[in-house]
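Me: I should like to examine a structure through a series of questions, each answered with its reasoning. Please begin with the criterion on which a later answer will depend.

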Amino acid sequence: MDATFNSLASRLVESNHSREELEDDDAIFAELEAEIENDDNFALREHGLEQLRLQASKLKEQKQNAHGTYTEILNEKEVIRISVNEPYCIVHFYHSNFRRCEIMDKHLAKLAPKYFATRFIRVFVENVPWLVERLAIKVLPCVMSFVDGVSKDRLVGFEELGNSDIFDTAVLELRLSQTGVLRKGENPFNLTYSAKSRGMGNLRNNDEGDAEFDLDD
């Protein structure tokens with residue numbers, strides 16, 4: 001692909017995905033499609049157009065599923081559905097009485113638009129009693145990372161963030177990135193998309209060794 005195509009593609013996967021920028025995606029895809037159609041190589045042209053259509057469909061679905069935003073989910077079954085079906089998902093279990101949960105909210109809200117391919121949600125622990133028991137959540141804030149429906153990591157409290165209420169978002173970002181859950185967009189020309197159905201029963205907990213025992217901020 002030439003420089004024009006690469007420039008257009010990069011506009012779709014840049015790190016700072018604001019809602020206003022996403023509204024212009026149709027125009028960018030139209031430019032990309034025109035660029036691909038001008039390619040002299042028929043096979044490459046057909047492959048590029050197909051990949052572009054897949055990426056457009058995926059991006060539309062992600063926008064509809066609140067990717068790029070930090071949202072609260074009130075229904076326990078919906079929390080399970082999201083954490084199972086999203087390839088990359090971060091869930092903040094919080095309580096409104098805990099000040100540190102509010103601090104965590106602020107940092108996660110900054111990361112959500114940067115990592116558009118990762119779903120960021122927050123859930124009030126009193127709304128999800130089965131999950132709290134199933135995942136042995138005993139200390140808040142608790143941030144869990146799910147990859148393909150499997151819990152890969154949990155961040156409990158602020159001990160790993162300097163044990164202080166004051167820390168840079170970059171510190172949290174580095175900590176969460178260790179499990180590969182933070183994902184930006186992909187190059188639309190290189191994308192191979194496949195939907196994978198997963199049942200709710202596939203939610204598995206890999207973090208059974210936590211020794212925390214108090215709901216405390």
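Reply: A charge sits over a ring if NZ of Lys or CZ of Arg is within 6 Å of the ring centre and within 35 degrees of the ring normal. The structure to which this criterion is applied is a predicted model.

Me: Over the ring of which residue does the charged end of Arg122 sit, and how far is it from the ring centre?

Reply: The criterion for a charge over a ring allows CZ of Arg to be within 6 Å of the ring centre. Arg122 meets it with the ring of Tyr94, a residue that is buried at a relative accessible area of 8%. The charged end of Arg122 sits over the ring of Tyr94, at a distance from its centre of 3.9 Å.

Me: How is the pair formed by the rings of Tyr94 and Phe124 classified?

Reply: A search of the whole structure finds two aromatic pairs. In the pair of Tyr94 and Phe124, the ring centres are 5.5 Å apart and the planes stand at 40°. Planes under 30 degrees apart would count as stacked and those over 60 as edge-to-face, so this pair is tilted.

Me: Which parts of the chain does the pair of Tyr94 and Phe124 tie together?

Reply: Phe124, like its partner, counts as buried, with 16% relative accessibility. The pair joins parts that are 30 residues apart in sequence, because Tyr94 and Phe124 lie in separate strands, namely β2 and β3.

Me: What is the geometry of the pair formed by Phe158 and Phe167?

Reply: Phe158 is buried, with a relative accessible area of 1%, and Phe167 is buried at 9% relative accessibility. Their ring centres are 5.1 Å apart and their planes stand at 80°. Planes over 60 degrees apart fall in one class, so the pair is edge-to-face.

Me: How are the helices and strands ordered along the protein chain?

Reply: The protein chain has eight helices and six strands. Among contacts between residues at least 6 apart in sequence, 77% join residues at least 24 apart. From the N terminus on, the order of the elements is α-α-α-α-β-α-β-α-β-α-β-β-α-β.

Me: Against which elements do the buried residues of α5 pack?

Reply: Helix α5 spans residues 76–85, and its buried residues are Glu76, Val79, Ile80, Ile82, Ser83 and Val84. At the start of α5, a side-chain oxygen of Asn75 comes to within 2.9 Å of the backbone nitrogen of Lys77. The elements against which the buried residues of α5 pack are β2, β3, α7 and β4.

Me: Which members of the largest nonpolar core touch the most other members?

Reply: In soluble globular proteins, nonpolar side chains tend to be buried together. In this chain of 217 residues, 46% count as buried. The largest nonpolar core has 26 residues, and those touching the most other members are Phe93, Val123, Ile137 and Leu140. At least two residues of this core come from each of α5, β2, β3, α7 and β4.

Me: How many residues make up the other core?

Reply: This core lies apart from the largest one, and its members include Val143, Leu155, Phe167 and Leu176. Phe167 is buried at 9% relative accessibility. The number of residues in this other core is 19.

Me: How many disulfides are counted?

Reply: A disulfide requires two cysteine sulfur atoms within 2.5 Å. The cysteine sulfur closest to that of Cys142 belongs to Cys101 and lies 9.5 Å away, too far for a bond. Cys142 is buried, with a relative accessible area of 1%, and Cys89 is buried at 0%. The count of disulfides comes to zero.

Me: With which residues is Asp105 in contact, beyond its neighbours within four places in sequence?

Reply: Asp105 is found in helix α6, residues 99–111. A relative accessible area of 12% makes Asp105 buried, because buried means under 20%. Leaving aside those sequence neighbours, the contacts of Asp105 are Tyr70, His92 and Arg122.

Me: What distance separates the C-alpha atoms of Lys184 and Tyr115?

Reply: Lys184 is placed in the loop between α8 and β6 and is partly exposed, with a relative accessible area of 35%. Lys184 and Tyr115 are 69 residues apart along the chain, and the separation of their C-alpha atoms is 4.4 Å.

Key: Residues are numbered from 1 along each chain as its sequence is written. This is a predicted model: local features need pLDDT of at least 70, side-chain atom pairs count only at pLDDT 80 or more; totals for chains, interfaces and linings use all residues. Side-chain values use heavy atoms; hydrogens and water are left out. Buried means under 20% relative accessible area, exposed over 50%, partly exposed in between (1.4 Å probe, protein chains only). Helices (H or I, at least four residues) and strands (E, at least two) are DSSP runs, numbered from the N terminus. Contact means heavy atoms within 4.5 Å. A polar contact is a pair of N or O atoms within 3.5 Å; within protein, one must be able to donate a hydrogen and the other to accept it, and residues adjacent in sequence count only if both atoms are side-chain atoms. Rings of Phe, Tyr and Trp (its six-membered ring) pair if their centres lie within 6.5 Å; planes under 30 degrees apart count as stacked, over 60 as edge-to-face and the rest as tilted. A nonpolar core is a set of buried Ala, Val, Leu, Ile, Met, Phe, Trp, Tyr and Cys residues joined through side-chain atoms within 4.5 Å.
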